[in-house]
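Trainee: I'd like a close look at a single part of this protein, and then how that part fits with the rest. Could you walk me through it?

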Amino acid sequence: MDKFITHQGIVAPLDRANVDTDAIIPKQFLKSIKRSGFGPNLFDSWRYLDVGEPDSDNSGRPLNPDFILNQERYKGASILLARKNFGCGSSREHAPWALCDYGFKVVIAPSYGEIFFNNSFKTGFLPIVLPESQIDRLFHEVFAFPGFRLTVDLQAQTVSTGDGTAMPFEVDAFRKYCLLNGLDDIGLTLRNAEKIRAFEDKRRLAQPWLFGAIV
């Protein structure tokens, strides 16, 4: 998992509340358990005018010109601005995977579905909670100024606009540590790799019959 320290990027506004995980990545694309390859089908039913199928070529599919990610001013966006209860619905980990694979690094919303919120940190994707009044202001500025950017500083726990206005956000200390150091659950375990190997070596000597039974 890549370290997350600071990020500056173009903001894409998704002006809808209660965006569920089936809208983020529809159920027909959940056959794979790899973390990559889901970006082309992010928001599939909103992004395209036809019905997407797994393993299909998306390059020739008709795009919905009214959807934000298909609009030229939001090309290359890496920060998603959303409304309350983003990521509600089922517990699929594929939702933050799809957002990351598309190129998003951060989502900013007033509130989230609890499971989506937890899964995001494990993917290296930062979900930020800001008050609705600040979210409303950011929506206004995104719509008013093409190419609107924000800077996210995880160490300082701030979201900053181009004029220098900094909005603080809260993040759990352990999750912050993991993001700053690029540690997912596997990475956390591997920090103790030497101790694990020493334990296995000791157990192999003490109970060799266990290892001899493994084919």
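Trainee: Which residue follows helix 4, and what is the sign of its phi?

Mentor: That residue is G124, and its phi is positive, near 85°. Keep in mind that we're looking at a predicted model.

Let's stay with helix 4 for a moment. The helix runs over residues 114-123, and its buried residues are F116, N119, S120, F121 and T123. As for what sits over them, the cover includes helix 1 (21-24), helix 3 (94-102), strand 4 (126-129) and helix 6 (173-181).

Now step back to the whole chain. The protein has 9 helices and 7 strands. Its C-alpha trace spans about 70 × 40 × 25 Å along the principal axes. Of the 215 residues, 45% are buried. If you take the contacts with a separation of 6 or more, 65% of them are between residues 24 or more positions apart. On the outside, the protein exposes about 11,600 Å², and carbon and sulfur atoms supply 53% of that area.

Further along the chain comes helix 5 (residues 132-144). You can check its length with a bit of arithmetic: at 1.5 Å a residue, its 13 residues should span 18 Å, and the end C-alpha atoms are indeed 18 Å apart, so the two agree. The buried residues here are I135, L138, F139, E141 and V142. They pack against strand 1 (6-14), strand 2, strand 3 (106-109), strand 5 (149-153) and strand 7.

Helix 5 also brings us to the charges. Overall, there are 25 positive and 26 negative side chains, and the centres of the two sets lie 5 Å apart. Side chains of opposite charge can pair when their charged atoms come close. With a cut-off of 4 Å between a side-chain nitrogen of Lys or Arg and a carboxyl oxygen of Asp or Glu, the count comes to 8 salt bridges.

One of them is between D136 and R83, with the closest N and O atoms 2.6 Å apart. D136 belongs to helix 5, while R83 is in the loop between strand 2 (79-82) and helix 3, so this pair ties together parts that are 53 residues apart in sequence. The two ends sit in different surroundings: D136 is partly exposed, because its relative accessible area is 40%, whereas R83 is buried, because its value is 19% and the limit for buried is under 20%.

Helix 5 has another salt bridge to show you, this one from R137 to D163, at 3.9 Å from N to O. D163 is in the loop between strand 6 (158-160) and strand 7 (166-168) and R137 is in helix 5, so the parts tied together are 26 residues apart in sequence. R137 is partly exposed at 29% relative accessible area, and D163 is exposed at 59%.

For a salt bridge inside one helix, go to R203 and E200, whose closest N and O atoms are 3.4 Å apart. Both are in helix 8 (residues 193-206), 3 residues from each other, which is about one turn of the helix. Both are partly exposed too: R203 has a relative accessible area of 30%, and E200 has 26%. Some salt bridges share partners, and in this way D15, R83 and D136 are joined into one network. That takes you straight back to D136, the helix 5 residue we met above.

Two more spots are worth clicking on. T158 lies in strand 6 and counts as buried, because its relative accessibility is 17% and the limit is under 20%. Leaving out residues up to four places away in sequence, T158 touches T151, V152, D153, A166, M167, P168 and F169. Among these, T151, V152 and D153 fall within the range of strand 5 (149-153), and A166, M167 and P168 fall within that of strand 7 (166-168).

The other spot is E72, in the loop between helix 2 (44-47) and strand 2. E72 counts as exposed, because its relative accessibility is 64% and exposed means over 50%. Measure off E72 to P146 on your screen as well: the two are 74 residues apart in sequence, yet 9.7 Å apart in space, C-alpha to C-alpha.

How values were computed
Residues numbered from 1 in each chain as written. Predicted model: local features only at pLDDT ≥ 70, side-chain atom pairs only at ≥ 80, totals over all residues. Heavy atoms only, no water. Buried < 20%, exposed > 50% of the residue type's maximum accessible area, 1.4 Å probe, protein only. Helix = DSSP H or I, 4+ residues; strand = E, 2+ residues; numbered from the N terminus. Contact = heavy atoms within 4.5 Å. Expected span 1.5 Å × (residues − 1). Areas by Shrake-Rupley, 256 points an atom, 1.4 Å probe, with all protein chains shown as cover. Lys, Arg positive; Asp, Glu negative; His and termini not counted. Charge placed at Lys NZ, Arg CZ, Asp CG, Glu CD.
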